[in-house]
Amino acid sequence: METKEKILITVENTINAPVDKVWKYWTEPEHVTQWNFASNDWCSPRAKNDLRVGGEFVYRMEAKDGSMGFDYGGVYDVVKPNEYIESTLGDGRKVSVTFTPEGSTTHITESFEAEQMNPIEMQKGGWQAILDNFKKHTESN
């Protein structure tokens, strides 16, 4: 059986908000549904989040016209409030998110194992767009 080398993709952004607000907006379902999509023709109508080691999360992502949608979910492996989250997605890929306070701002670094279906640049662009939506939502509320 052929095993492909895992490719790690990283996206980053600096949020103009303190880490406690950034953590809250990243983890609370009522906020996740406001930013967890890559473009304005998509939405995130539901989110469930059991933020603890072994807890599960499921975020629904759908095209606004109803033409397609999917659940993004997994299980938390590490949760360090206001600092770090590590999870395993439903397909076995690993994701880590680091929250670094920088005065009155917070730097987020999110790394994930690439999936095999889509080009690397497309995956990176989509995850970066979601992180950019998170920044916009957090800074405007």
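# Reading a predicted model: burial, core, pockets and salt bridges

User: How is relative accessibility to be read for Asn 82: does this residue count as buried, partly exposed or exposed?

Analyst: The structure is a predicted model, so every value discussed here is computed from it. Burial is assigned by cut-off: a residue is buried under 20% relative accessible area and exposed over 50%, with partly exposed in between. Asn 82 has a relative accessibility of 27% and therefore counts as partly exposed. The residue belongs to the loop that joins strand E5 (69-80) to strand E6 (84-89).

User: What is noteworthy about the backbone of Asn 82?

Analyst: Its phi angle is positive, at about 65°, although Asn 82 is not a glycine.

User: How should one read a residue within a strand, and is Thr 105 buried or exposed?

Analyst: One first locates the residue, then considers its accessibility and its contacts. Thr 105 is part of strand E8, which covers residues 105-113. With 15% relative accessibility, Thr 105 falls under the 20% limit and so counts as buried. Once residues up to four places away in sequence are set aside, Thr 105 touches Thr 14, Ile 15, Asn 16, Ala 17 and Thr 100.

User: Which residues does Leu 131 contact beyond its neighbours in sequence?

Analyst: Leu 131 sits in helix H3 (residues 120-139), and at 0% relative accessibility it counts as buried. Apart from neighbours within four places in sequence, the contacts of Leu 131 are Val 11, Glu 12, Asn 13, Trp 26 and Ile 108. A separation can be read in the same spirit: Leu 131 and Tyr 76 are 55 residues apart along the chain, and their C-alpha atoms are separated by 19 Å.

User: Which members of the largest nonpolar core touch the most other members?

Analyst: The general idea is that nonpolar side chains in soluble globular proteins tend to be buried together. Here, the largest nonpolar core has 33 residues, and those touching the most other members are Trp 26, Tyr 72, Phe 99, Ile 108 and Phe 134. Helix H1 (residues 19-27) gives the most to this core, namely five residues. Ile 108 illustrates such a position: beyond four places in sequence, its contacts include Val 22, Trp 26, Val 97, Phe 99, Leu 131 and Phe 134. Val 11, Glu 12 and Asn 13 are also among the contacts of Ile 108, and these three residues are in contact with Leu 131 as well.

User: How is a pocket to be read, and what is the volume of the largest pocket?

Analyst: Empty space is revealed by rolling a probe the size of a water molecule over the atoms. The largest pocket holds about 890 Å³ of space. Its lining comprises 36 residues, and those nearest the centre are Met 61, Phe 70, Tyr 72, Trp 127 and Ile 130. Two or more lining residues come from each of H1, strand E4 (56-63), E5, E6, strand E7 (94-102) and H3. E5 supplies the largest share, six residues. By class, this lining has 18 nonpolar, 12 polar and six charged residues.

User: How many residues line the second largest pocket, and of what classes?

Analyst: The second largest pocket has a volume of about 230 Å³. It is lined by 14 residues, with Lys 6, Arg 93, Ala 114, Glu 115 and Gln 116 nearest its centre. Its lining has seven charged, four polar and three nonpolar residues.

User: How many salt bridges does the structure hold?

Analyst: There are six salt bridges. One reads each by its distance, its location and the accessibility of its partners. Lys 94 pairs with Asp 77, with 3.5 Å between the closest N and O atoms. Lys 94 lies in strand E7 and Asp 77 in strand E5, so this pair ties together parts that are 17 residues apart in sequence. Both partners are partly exposed: Lys 94 has a relative accessible area of 36%, and Asp 77 has 28% relative accessibility.

User: Where do Glu 139 and Lys 135 lie?

Analyst: Both lie in helix H3, four residues apart, which is about one turn of the helix. The closest N and O atoms of their salt bridge are 2.8 Å apart. Glu 139 is partly exposed, with a relative accessible area of 33%.

User: What distance is found between Asp 50 and Arg 52, and which residues form a network?

Analyst: The side chains of Asp 50 and Arg 52 meet in a salt bridge at 3.0 Å, N to O. Asp 50, at 32% relative accessibility, counts as partly exposed, as does Arg 52 at 46%. A network of salt bridges links Arg 60, Glu 62 and Asp 71.

Conventions. Residues are numbered from 1 along each chain as its sequence is written. This is a predicted model: local features need pLDDT of at least 70, side-chain atom pairs count only at pLDDT 80 or more; totals for chains, interfaces and linings use all residues. Side-chain values use heavy atoms; hydrogens and water are left out. Buried means under 20% relative accessible area, exposed over 50%, partly exposed in between (1.4 Å probe, protein chains only). Contact means heavy atoms within 4.5 Å. A nonpolar core is a set of buried Ala, Val, Leu, Ile, Met, Phe, Trp, Tyr and Cys residues joined through side-chain atoms within 4.5 Å. On a 1 Å grid over the protein atoms alone, a cavity is a set of points where a 1.4 Å probe fits but cannot get out, and a pocket is an open set with protein on both sides within 12 Å along at least five of seven lines; lining residues have an atom within 4 Å of a point. Grid points are joined across faces, edges and corners, and a volume is the space filled by probe spheres set on the points. Ala, Val, Leu, Ile, Met, Phe, Trp, Tyr, Cys and Pro count as nonpolar, Asp, Glu, Lys and Arg as charged, and the others, Gly among them, as polar. A salt bridge is a side-chain nitrogen of Lys or Arg within 4 Å of a carboxyl oxygen of Asp or Glu.
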